[in-house]
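Got your viewer open? Here's a walk through one model, one selection at a time.

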Amino acid sequence: MRPFYLTTPIYYVNDLPHVGHVYTTVVADAVARYRRLAGDDTYFLTGTDEHGQNIERAAAEQGVAPIELADRVVSRYHQLWDELGMSHDDFIRTTEPRHRAGVEEMVRRIEAAGDFYVGKHEGWYCPACENFYTEKELAAERRCPVHERPTEWKSEENVFFRLSRFQQPLLDHYAAHPAFVRPESRRNEVRSFVAGGLRDLSVSRADLGWGIPFPGRPGQTIYVWLDALTNYLSALGFGGGEAGGGDGGGALYERYWADGEATRVHLIGKDILRFHAVYWPAFLLSAGVPLPTTVWAHGWWLRDARKVSKSSGNVVRPDHLMRRFGADALRLFLLREMVFGQDASFSDEGFIERYNADLANDLGNTVSRLVTMSRKFFDGRTPPVACDDNPVRRAAEAAVAEYRREMDDFAFQRALAALWRLLSVASGYLVEREPWKRIAGEGASDGVSRVLWNCLEAVRLVATCLLPVMPRTAPRVLAAIGVPAPPASFDAGLAWGGLPTGAPLPEPEPIFPRIDKEAYVAEVEAGDQETKDEPQAAGAAAGETAAEAAAPKIAIGKFFETELRVGTVRVAERVPKSNKLLRLEVDLGEPAPRQLVAGIAKAYEAEELVGRQVVVVANLEAATLMGVESQGMVLAASEDGAPVLLAPERPVPPGTPVK
Ligand code: MSP
């Protein structure tokens with residue numbers, strides 16, 4: 001088996017994950033699953049980048065230690081990767097001792113090669129990138145070209161890495177290995193950057209406490225990018241640290257990195273290309289470590305033509321979509337919608353249209369139609385007679401070959417398009433052969449069996465190819481058409497003829513129910529308003545930021561500014577056109593009940609609330625949600641975003657204060 005090592009960038013812990021982070025990891029997971037099914041000895045790494053000024057600042061702003069902030073955000077990453085069905089083999093944190101051992105080894109080797117020296121470091125510095133820029137690289141008004149935020153002038157004594165020495169070796173490497181940077185447009189960009197001349201790189205910081213101390217250079221901390229990039233080696237046990245799964249002694253490093261047969265791929269966003277395609281190979285050349293095979297840079301998800309990111313205040317939280325429509329639907333959308341390497345625009349409407357067209361209709365309806373017919377004609381079973389040579393088979397074989405070629409080349413959009421073309425060939429064939437008419441004349445004949453079997457077999461191949469992209473629902477599609485367990489490999493699963501004949505077919509159940517677009521858009525608008533008007537409203541967790549996750553301490557007086565009272569629900573009903581909102585009338589012991597709007601409709605039926613006691617913020621400014629005025633707020637615990645109402649331990653008179 002060929003070793004295949006695949007990494008995502010390690011993510012900063014000063015922010016909760018957003019769609020950009022999810023995208024890279026979803027791509028990596030799909031590739032890893034694809035490689036495993038294709039028979040490669042695959043190792044998939046992700047993790048978090050926890051040192052540096054950004055994290056130190058974010059933690060200070062929230063009044064917590066950096067490691068506390070990191071722990072909290074890391075647990076959110078673990079939870080999200082779980083929910084998304086990520087199959088990584090290891091998760092590295094740069095605060096782990098094994099990582100530090102790897103970084104120290106890297107520094108020792110570069111030092112031994114004579115590529116460090118001490119010098120003065122000056123320039124325009126962007127704290128968000130943790131990077132210096134030259135005057136000509138800056139955007140207007142000396143703003144950072146990536147974040148468009150003002151840069152600051154900085155000057156200090158640092159350790160420098162002799163990057164300039166690697167200009168020619170890097171150019172030679174790019175020339176000899178055309179696949180080193182992909183896509184090609186990015187390779188040209190990198191090559192012309194390097195050809196333009198390389199300045200030595202400062203690789204330490206004097207005023208940074210939160211990082212790995214520079215060995216042998218008291219008072220200096222290792223520059224966060226030298227630290228972070230080395231994760232790709234330290235996770236494998238480079239430097240003697242323990243690798244994932246308790247492997248000691250660098251066996252994983254030998255197997256997945258040093259082995260001449262191994263393919264080593266770094267998946268990254270284009271924003272961090274220079275670090276991966278220029279600095280990283282230069283560090284490795286200096287340290288005498290083999291270079292990665294490919295650095296694959298994808299584009300950005302944009303919203304309103306701007307990169308989705310925390311620092312631009314323009315964030316799409318994936319947990320929203322995932323919880324609402326399922327992780328697999330989000331995974332498919334991300335892979336199908338973006339041409340890998342280019343930018344793409346994100347919109348909820350686009351997501352729903354794709355879902356309804358691709359999943360509810362093309363896949364879901366096709367499956368349920370075929371299964372329903374087959375059950376009816378063939379006594380609850382798959383068709384009894386298979387078919388060897390026919391137009392669907394020819395289309396299927398071409399589609400599977402195209403899918404494999406495009407997946408091998410990271411052209412996910414084209415790979416998936418090939419599968420959907422096959423679904424449409426199968427539907428066209430079904431319409432043309434009209435088995436529902438033939439059944440009347442010829443009964444459950446071999447001919448009718450063959451037509452249905454061909455279409456079901458095409459669906460089986462599509463679902464098998466979807467296993468890497470939709471790891472939870474593709475097996476359900478297979479089960480729905482009579483294939484009880486997904487195949488362990490493509491060799492076993494992608495040959496024509498795998499659909500069992502005469503196998504029992506379970507009663508069809510909707511795997512991808514259609515989404516009512518208007519209702520969802522109304523729900524999102526209401527949600528946006530809730531987060532604007534009532535940041536604490538139930539359901540706001542999806543918009544929660546790291547800052548809220550670690551709020552600073554307040555004096556008790558401030559708490560008492562909030563008037564909390566127990567109320568009894570007298571009336572409860574759904575807000576029209578909203579899936580999320582309930583309108584309540586709550587008795588707070590006042591002359592008239594209060595009208596409140598609460599985002600709890602997904603967790604509670606209106607009827608079950610009448611007569612129940614709740615805790616209400618009684619002195620909140622009124623807000624209007626979906627056209628209904630809310631005169632306060634109902635309190636709920638937010639369990640992963642799902643509201644759980646708070647209530648007194650035994651009934652108390654309406655209006656009783658809570659303190
Ligand atoms: N910590 C560094 C990476 C160190 S790797 C040795 C970092 N972290 S990050 O949290 O900012 O995540 C960066 C990665 O997230 C990008 O490279 C990209 O993979 C992904 N994305 C972040 N925003 C994105 C979009 N709006 N769209 C697509 N992906 C983007 O940089």
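## First stop: around α6

Start with Pro-183, which sits in the loop between β7 (181-182) and α6. Keep in mind as you click around that this is a predicted model. Now show the backbone on either side of the bond from Arg-182 to Pro-183: that peptide bond is cis, with omega near -5°. For background, most peptide bonds are trans.

Move on to helix α6 and select Arg-187, which lies in that helix. Is Arg-187 buried or exposed? Its relative accessibility comes to 12%, and since the cut-off for buried is under 20%, Arg-187 counts as buried. To see what surrounds it, leave out the neighbours within four places in sequence; Arg-187 is then in contact with Tyr-174, Pro-178 and Val-181.

Next, bring up two helices together: α6 (residues 184-195) and α10 (residues 273-287). They pack with their axes 11 Å apart, at an angle of about 55°. That angle makes α6 oblique to α10. Turn the view to look through one helix at the other, and you have a right-handed crossing of α6 and α10. Which residues make the contact? On the α6 side, select Arg-186, Glu-189, Val-190, Phe-193 and Val-194; on the α10 side, Leu-273, Arg-274, Ala-277 and Val-278. Colour them by class and the contact of α6 with α10 splits into six nonpolar, three charged and no polar residues.

## Second stop: a loop with two positive phi values

Go to the loop between β5 (131-133) and β6 (152-161), where you'll find Glu-141. Check its backbone: phi is about 55°, a positive value although Glu-141 is not a glycine. For context, most residues other than glycine have a negative phi. Glu-141 counts as exposed, at 65% relative accessibility.

Stay in the loop between β5 and β6 and pick Glu-148. Here too phi is positive, near 60°, in a residue other than glycine. How accessible is Glu-148? At 44% relative accessibility, Glu-148 counts as partly exposed.

## Third stop: the cysteines

Try a search for disulfides: the structure holds zero of them. Select Cys-387, which is in no disulfide; the nearest cysteine sulfur belongs to Cys-455 and is 10 Å away. A disulfide would need the two sulfur atoms within 2.5 Å. Cys-387 is buried, with a relative accessible area of 13%. Then jump to Cys-144, which is also buried, with a relative accessible area of 0%.

## Fourth stop: α14 against α15

Show helix α14 (residues 391-408) with helix α15 (residues 412-433). Their axes are 7 Å apart and the packing angle is about 170°. The two helices are therefore roughly antiparallel to each other.

Light up the side chains between them. From α14, the contact takes in Pro-391, Val-392, Ala-395, Ala-396, Ala-399, Glu-402, Tyr-403, Glu-406 and Met-407. From α15, the residues to select are Phe-412, Arg-414, Ala-415, Ala-418, Leu-419, Arg-421, Leu-422, Val-425, Tyr-429 and Arg-433. What does the contact of α14 with α15 look like by class? It has 14 nonpolar residues, five charged ones and no polar ones.

## Fifth stop: Trp-436

Now pick Trp-436, in helix α16 (residues 435-442). Trp-436 counts as partly exposed, at 34% relative accessibility. Set aside its neighbours within four places in sequence, and Trp-436 is in contact with Arg-369, Met-373, Phe-377, Leu-430 and Val-431. Then draw a distance from Trp-436 to Thr-464, C-alpha to C-alpha: it comes to 27 Å, for residues that are 28 apart along the chain.

## Last stop: Leu-302

Finish at strand β13 (residues 301-303), where Leu-302 is found. Leu-302 is buried, with a relative accessible area of 15%. What is it in contact with, leaving aside its neighbours within four places in sequence? Select Lys-307, Val-308, Asp-343, Ala-344, Ser-345 and Phe-346 to see the contacts of Leu-302. For one more distance, add His-21: Leu-302 and His-21 are 281 residues apart in sequence, with their C-alpha atoms 13 Å apart in space.

Conventions:
Residues numbered from 1 in each chain as written. Predicted model: local features only at pLDDT ≥ 70, side-chain atom pairs only at ≥ 80, totals over all residues. Heavy atoms only, no water. Buried < 20%, exposed > 50% of the residue type's maximum accessible area, 1.4 Å probe, protein only. Axes fitted to C-alpha atoms, helices over the stretch in contact; angles between N-to-C directions. Helix = DSSP H or I, 4+ residues; strand = E, 2+ residues; numbered from the N terminus. Parallel < 35°, antiparallel > 145°, perpendicular 65-115°, else oblique. Left-handed = near helix turned anticlockwise from the far one by under 90°. Contact = heavy atoms within 4.5 Å. Nonpolar A, V, L, I, M, F, W, Y, C, P; charged D, E, K, R; others polar.
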